[in-house]
There are 2 protein chains.
Amino acid sequence: MQEFVRRSRAEGLRVTPQRLAVVRVLAESHDHPDPDTLHRRLLPQLPSISLATVYKTLDALAAMGLVRQVPVAGAAKRYDANLDRHHHVICERCRSVADVHDARLDRVAVPEGLLGFTVRSVTVQMLGTCARCARKARKRSRAVVRNGNGR
Amino acid sequence: MQEFVRRSRAEGLRVTPQRLAVVRVLAESHDHPDPDTLHRRLLPQLPSISLATVYKTLDALAAMGLVRQVPVAGAAKRYDANLDRHHHVICERCRSVADVHDARLDRVAVPEGLLGFTVRSVTVQMLGTCARCARKARKRSRAVVRNGNGR
DNA sequence: GTAACTGCAAAAACTTTGCTGAGTT
DNA sequence: AACTCAGCAAAGTTTTTGCAGTTAC
């Protein structure tokens, strides 16, 4: 946050109410939102902010390294303001993403022989099913037992 | 490949020349192409195949679990036909993705306490700069020394 | 023969761009 | 005062959908 102001000044970028709001709301969001989701969250407090501004701001923040794109299969633009080293669990059903902090995962060793590739960061990604989707799936299969597979 | 035919039969899906070609070309591609790239590679051998068919086929293959979406930040749809357990190095500059096979990475342990999340697979993702982009960057910085930062 | 599939074109979704007036520095 | 930025609308991309004819089963 102060970091954001500092870096902006350093790079000749301006600190506007819109950018401050994007930074704040993204920092408070722990679900790695996409630009549209973030925009919806911003509207209540800044009803005139446009989606284009959200896109541009996220680009600027990413260029400054204050925000990171999260690699989620099938979703191009999801952002994370948490720059601590961390890992992700991703639900394959609902595409939700949660952070995992784990010292053992942080110690994963980079293999040898990557043919000139320079590794800057290592993250572990766990794919599976979140509790909520598992619950839904169970409910559905019970329904099938009771009523027959209803298609 | 035979696997594809078997699974298709099992699920009542049809084996068409288009699908066979998609499966074959994707299996031969080691760069995790997006649908459009794949489509361009298919055209020489199947000039009438449409991009929509490529999209639909990739969906079907992913649903059967014969193909996987690769999580690359900033790129929504990239596919991998390699189902062996493996990991990825991703160049942040050119977005190229290469597979890494490494037994030590395969043994990464899933942490405790994921609150009901069921992990199905674990992959390690290394971000950095590939050899080619590093070479380009070096050349550019030499040029800057000689000519001044040319903007 | 029947149902699923292809290709096409149109629609929807997502992202970027150009411009003008406004606001930060 | 200078120059960047916000908002808007338009353009560009990417992905999905509906449909008529075709083809695998």
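**Entry 1: DNA strand D**

I started at Lys56(B), where a polar side-chain atom lies 3.2 Å from a base oxygen of DNA strand D. The model is a predicted one, and I read every distance here with that in mind.

I then looked for other polar side-chain atoms beside this strand. Gln18(A) places one 2.5 Å from a sugar or linking oxygen of DNA strand D. Lys77(B) has one 3.5 Å from a phosphate oxygen of DNA strand D. I next asked which elements give two or more residues to the surface near DNA strand D. They are helix 2 (17-28) and helix 4 (51-64) of chain A, together with helix 4 (51-64) of chain B.

I listed the surroundings. DNA strand D has 20 residues around it. The closest are Arg14(A), Thr16(A), Gln18(A), Arg19(A) and Tyr55(B). By class I noted eight nonpolar, five polar and seven charged residues on the surface near DNA strand D. I also checked which parts of the DNA face the protein. Of the atoms of DNA strand D within 4 Å of the protein, sugar or phosphate accounts for 69%, and bases make up the rest.

**Entry 2: DNA strand C**

I turned to the other strand and looked at Arg14(A). An N or O atom in the Arg14(A) side chain is 2.3 Å from a base nitrogen of DNA strand C. Gln18(B) has a polar side-chain atom 2.7 Å from a sugar or linking oxygen of DNA strand C. For Thr53(B), I found a polar side-chain atom 3.0 Å from a phosphate oxygen of DNA strand C.

How many residues surround DNA strand C? I noted 20, the closest being Arg14(A), Tyr55(A), Arg14(B), Gln18(B) and Arg19(B). Helix 4 of chain A, with helix 2 (17-28) and helix 4 of chain B, each supply at least two residues of the surface near DNA strand C. That surface divides into eight nonpolar, five polar and seven charged residues. Within 4 Å of the protein, 68% of the atoms of DNA strand C belong to sugar or phosphate, the rest to bases.

**Entry 3: helix 3 against helix 4, chain A**

Helix 4 of chain A had come up at DNA strand D, so I looked at what packs on it. Helix 3 (residues 35-42) of chain A meets helix 4 of chain A at an angle of about 120°. Their axes are 9 Å apart. The crossing is right-handed.

I wrote down the contact residues. Helix 3 of chain A brings Pro35(A), Asp36(A), Leu38(A), His39(A) and Leu42(A). Helix 4 of chain A brings Leu51(A), Val54(A), Tyr55(A) and Leu58(A). The residues of this contact are seven nonpolar, one polar and one charged.

**Entry 4: the sheet across both chains**

I traced an open sheet of six strands, in the order 4(A)-3(A)-5(A)-5(B)-3(B)-4(B). The pairing is mixed. Which strands stand at the edges? Strand 4 (97-100) of chain A and strand 4 (97-100) of chain B do; each has a single partner strand, so one side of each is left without a neighbour in the sheet. Neighbouring strands are turned by 30° against each other on average, direction ignored.

**Entry 5: strand 3 of chain B and its partners**

I followed strand 3 (residues 87-91) of chain B to strand 5 (residues 118-129) of chain B. These two run parallel, joined by four bridges. Cys91(B) has Gly128(B) in strand 5 of chain B as bridge partner.

I then checked strand 4 of chain B. Strand 3 of chain B pairs with strand 4 of chain B in the antiparallel sense, over four bridges. Opposite His88(B), in strand 4 of chain B, stands Asp99(B). The hairpin of these two strands has five residues between them, and there Arg95(B) takes a positive phi near 65°.

Methods
Residues numbered from 1 in each chain as written. Chains lettered and ligands numbered in written order. Predicted model: local features only at pLDDT ≥ 70, side-chain atom pairs only at ≥ 80, totals over all residues. Heavy atoms only, no water. Near = heavy atom within 4 Å. Polar contact = N/O pair within 3.5 Å; in protein donor to acceptor, adjacent residues only side chain to side chain. Nonpolar A, V, L, I, M, F, W, Y, C, P; charged D, E, K, R; others polar. Pairing = 2+ DSSP bridges. Axes fitted to C-alpha atoms, helices over the stretch in contact; angles between N-to-C directions. Left-handed = near helix turned anticlockwise from the far one by under 90°. Contact = heavy atoms within 4.5 Å.
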